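Q: Please take one strand of this protein and look closely at what surrounds it. I would then like to see how that part sits within the rest of the fold.

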Amino acid sequence: MSVFHLEIAAPDGKMYDGDAYMLSLRGIEGELAILPGHIPFVTALAPGAVRVYPAKDAAPRVGYASGGCLTVSPNGTRLLAADFSWDGEPPRK
């Protein structure tokens, strides 16, 4: 099974740092799914759910990003979120 390295960071610190089979989220142009071997690119994020699948048949860990930036490179995938929470709901202020 192939995986890629994923980092999720927010102003509160690093929220995830490990392997993932798939990342699903909303970019400013629509829904995205990142799998191992995805082409390199950068996009801005729209507010919405972030689903991290740690393994092919595993249930996703669901979070919420209020916006930010996603970078995919051969060295890994990095999500820099303006705000992030793991409960799948917008961060409470």
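A: Let's begin with Thr43, which touches Ile28, Leu32, Gly68, Cys69 and Leu70, not counting residues up to four places away in sequence; contact here means heavy atoms within 4.5 Å. Before going further, a word on the source: this is a predicted model, where local features need pLDDT of at least 70, side-chain atom pairs count only at pLDDT 80 or more, and totals for chains, interfaces and linings use all residues. Residues are numbered from 1 along each chain as its sequence is written, and side-chain values use heavy atoms, with hydrogens and water left out.

Thr43 lies in strand E5, residues 41-45; strands (E, at least two residues) and helices (H or I, at least four) are DSSP runs numbered from the N terminus. With a relative accessible area of 15%, Thr43 is buried, a label that means under 20%, while exposed means over 50% and partly exposed lies in between (1.4 Å probe, protein chains only). Phe41 is found in strand E5 too, but Phe41 is partly exposed, at 21% relative accessible area. Leaving out residues up to four places away in sequence, Phe41 touches Leu32, Ile34, Leu70, Thr71 and Val72. Leu32 and Leu70 are thus contacts of Phe41 and of Thr43. For a sense of scale, the C-alpha atoms of Phe41 and Leu80 are separated by 14 Å, with the two positions 39 residues apart along the chain counted as their spacing.

Now follow Leu32 to its own strand. E3 (residues 22-27) and E4 (residues 30-34) pair in the antiparallel sense over five bridges; two strands pair if DSSP finds at least two bridges between them. The two form a hairpin with two residues between them, and Leu25 stands opposite Leu32 in E4. Ser24, found in E3, counts as buried at 15% relative accessibility. Apart from neighbours within four places in sequence, the contacts of Ser24 include Leu32, Val50 and Tyr53.

The other route from E5 leads through Val72. The bridge partner of Val72 in E9 is Thr77, and E8 and E9 pair in the antiparallel sense over six bridges. E8 and E9 likewise form a hairpin with two residues between them. E9 also pairs with E1, in the parallel sense over four bridges, with Ile8 opposite Leu79 in E9.

Ile8 brings us to the interior. The largest nonpolar core has 19 residues, and Ile8, Leu23, Val50 and Val52 have the most contacts inside it; such a core is a set of buried Ala, Val, Leu, Ile, Met, Phe, Trp, Tyr and Cys residues joined through side-chain atoms within 4.5 Å. Strands E1 (4-10), E2 (13-20), E3, E6 (48-53), E8 (68-73) and E9 (76-81) each supply at least two residues of this core, and E1 gives the most, with four. In soluble globular proteins, nonpolar side chains tend to be buried together.

Stepping back, the protein has zero helices and ten strands, and 35% of its 93 residues count as buried.
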